[in-house]
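I opened the model to look up two things: how one sheet is put together, and where charged side chains pair.

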Amino acid sequence: MSNVAKAVELHEFSEQAVSLASNTQQNSKTPWLADVREKGLATFKRMPFPTRKTEAWKYTSLRALSAENFHRPAQQFSIANAEALFEVEGLEALRVVFVNGEFNAELSSPELLSTSGLNIIQFADANESQQKTIKTHLANVSETERNLFTALNAGLIDNGLLITVDKKVRIERPVQLVHISSQQPENASVFARCLVVLEQQAELTLIEQFVSTHETLNTIFNQTSEFIIGDAAKLNHYRLHLEDESSIHLGGVYVDLNRDSQFESYQLALGGKVKRLDVLVNHNQPGSHCEMKGVYLPKHEQQVDFHTYIEHKAAHCTTDEVYRGIMADKSKAVFNGRIHIHPDAQKTLAELSNKNLLLSNQAEINTKPELEIYADDVRCAHGATVAQLDAKARFYLQSRGISRQEAEIMLSFGFINELLDAMPLVALRDKLRPLLAQQFTSNAALTRHLLDKALAGEGQAQGVEA
Amino acid sequence: MLTIKNLHANVEDKNILKGLNLDVKPGEIHAIMGPNGAGKSTLGNVLSGREGYEVTGGDVTFDGKNLLEMETEERAREGLFLAFQYPVEIPGVSNLEFLKASVDAAREHRGEEPMDSVAFLKLAREKCKAVNLDQNFLKRGVNEGFSGGEKKRNEIMQMMMLEPKLCILDETDSGLDIDALQVVAEGVNSQRDPNRSFIVVTHYQRLLDYIVPDYVHVLADGKIVKSGGKELALELEEKGYGWIENGAA
């Protein structure tokens, strides 16, 4: 009975999505993207709505999606003290802020348009040559067939964001792309898009940050990013999903690596009602390097689902992928990491490691690292572990007078600390440390030692001295 | 300081300690020697309250209080310190964080304020130097990637920071070369104090050349079967444990 009812509802979801897409097509600010939308929508229509039997969605329920969600978010909003939601002290970033999917000039940096070699523009405002760039790349990397929500995103592209960096230009200041979600009068959906094109030998640091007001969210959020990294160019990337636990996010990052280019990415996801993130990296030409470090921390009844796909299509490329997750309470996570070595990808070096810590008997992790190798001269390794807190380590801390509670928090934090410490942006790391520590407890007495800045700072200074 | 009366303890339902008696007064150093499997390490684990070590009989009084009723962390805060035979590696938790949390826990237990971070750092560096550990170790993960000797020196360094009343050294000499052994022994000797006691658990007499005990006890089959002065250690070194075990049986 309930199964039948569910099936009808899901069908309605798709129907509503299609009707929104045709509405977008008719009233678009970017009529020149009609082909992209049409293609995306056609793919979406072809793809069956996932059920528990669909391999890529086996462990992530989509029951939270409803047909009621296809309203446009209300555009009038006022968020008290919005900066506090995303501000990172000392970061000196160029901020591009979107509120419920709409660009917000007030919260964004005024000097956005005056940084030499860097172009940040909304699709609707693109000039002819920018339109050409967009049309060349948009929805090409994202291989919409892999994920129907990426296809749907393509079908709904209206006014995305284009970021380009000119040849041989290194942008010193990080670009901080912030998406703020707030509660809506009616259930709504936001489909956002970002396209980054780095020309030859360009370098950019991009932070994609998702935050929300602390009200209950009733928006389906889908943000799809595509990065085209030119020859010998480098993108330093952060994707931080820090939204409220009521959030629904179905997004992804799609990357094309060209000759000798680099993609260094740090991904962090707190749990949500549904949080599914797909990361696809194509090593298209020889000599490219991909380094990804990811952390997921669901608690309560939240979930997080990471699907990563690394496609080694050319020789002499390297991948180093490390994801760690800590699941508390009744939360649930999925990590599915696939490295695919194509026949021409000789001399590939690829490593994938996924470690998980379960803090409760009712928490769940479904991890599946996959290696598919069609070349014969490569070095690849993959591994996954699932463990509980180490009783020996806990006893050691307790035997020095540290309470069991504080010991457990120190050990939990220690499990992800290494990945956090690897972030080159110190200001961001300093912002995230307390935020992540608070995921384990709201009692500041239990986190004060691991957040003692004097110890962290001095310890490092000491290291340099020695 | 510490009085153990007729202590019985099980590990995984196996009876390991079978009526152990020991009386340690302030300022004394007691060496406990014995063959493998006699229960030497079990004693340290039982006294520090490790899970899985079940006391089935007897009493332990520490500084006038019932030790066996306390949680592991409470015992530590009261001044009991166990230097581990195999200190565990804890990547991701820095030595500094860990040490500060330990020091503060003991201070707060005594009703004192947590230590000022700057004063703490100064002290930590000093103690690091005293046991000949590179200051770099302070910011690294607890024991992470440390050699055997470095781990043992880190134990002694923690002991110096925490200034406990009673230190139990559980086979601290195992796996150490002579140089490392001397550093560890010097560290221990520097902490000798009329109000601080030591229980030195070891398989070999060698350590006792450097840390000279007031009493030597032989632990065999879960009981102290012979006690004597420091010369007993030399006798054991010469004759082995066989004659005592046979005598006891």
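**Entry 1, the sheet.** I traced an open sheet of six strands in chain B, with the order 6-9-10-3-11-12 and mixed pairing. The model is a predicted one. At the edges I found strand 6 (80–83) and strand 12 (223–228) of chain B, each paired on one side only. Ignoring direction, I get an average turn of 20 degrees between neighbouring strands of this sheet.

**Entry 2, one edge.** I then followed strand 6 of chain B to its partner, strand 9 (residues 166–170) of chain B; the two pair in the parallel sense over four bridges. Opposite Leu80(B) I noted Leu166(B), in strand 9 of chain B.

**Entry 3, a helix on the sheet.** Which strands does helix 1 of chain B lie across? I listed strand 3 (29–33), strand 6, strand 9, strand 10 (197–202) and strand 11 (215–220) of chain B. Helix 1 covers residues 40–48 and runs at about 145 degrees to strand 6 of chain B.

**Entry 4, salt bridges.** Side chains of opposite charge can pair when their charged atoms come close. I searched the whole structure and got 35 salt bridges over all chains. I looked up several of them.

**Entry 5, chain A.** Asp421(A) and Arg433(A) form a salt bridge, with 3.8 Å between the closest N and O atoms. Asp421(A) belongs to helix 7 (residues 404–421) of chain A and Arg433(A) to helix 8 (residues 426–440) of chain A, so this pair ties together parts twelve residues apart in sequence. Is Arg433(A) buried or exposed? Arg433(A) counts as buried because its relative accessibility is 11%, under the 20% limit. Asp421(A) is partly exposed, at 36% relative accessible area. I also recorded a network of salt bridges that links Arg146(A), Glu311(A), Arg338(A) and Glu372(A).

**Entry 6, chain B.** I found Glu78(B) in a salt bridge with Lys65(B), the closest N and O atoms being 3.0 Å apart. Glu78(B) sits in helix 2 (residues 72–78) of chain B and Lys65(B) in strand 5 (residues 65–66) of chain B, so the pair ties together parts that are 13 residues apart in sequence. Glu78(B) is buried, with a relative accessible area of 11%, whereas Lys65(B) is partly exposed at 40%.

**Entry 7, another pair in chain B.** The side chains of Asp23(B) and Lys25(B) meet in a salt bridge, 3.1 Å from N to O. I logged Asp23(B) as partly exposed, at 37% relative accessible area. Lys25(B) also counts as partly exposed, at 44% relative accessibility.

Methods:
Residues are numbered from 1 along each chain as its sequence is written. Chains are lettered from A and ligands numbered from 1 in the order in which they are written. This is a predicted model: local features need pLDDT of at least 70, side-chain atom pairs count only at pLDDT 80 or more; totals for chains, interfaces and linings use all residues. Side-chain values use heavy atoms; hydrogens and water are left out. Two strands pair if DSSP finds at least two bridges between them. Axes are lines fitted to C-alpha atoms, for helices over the stretch in contact, and angles run from 0 to 180 degrees between N-to-C directions. Contact means heavy atoms within 4.5 Å. Buried means under 20% relative accessible area, exposed over 50%, partly exposed in between (1.4 Å probe, protein chains only).
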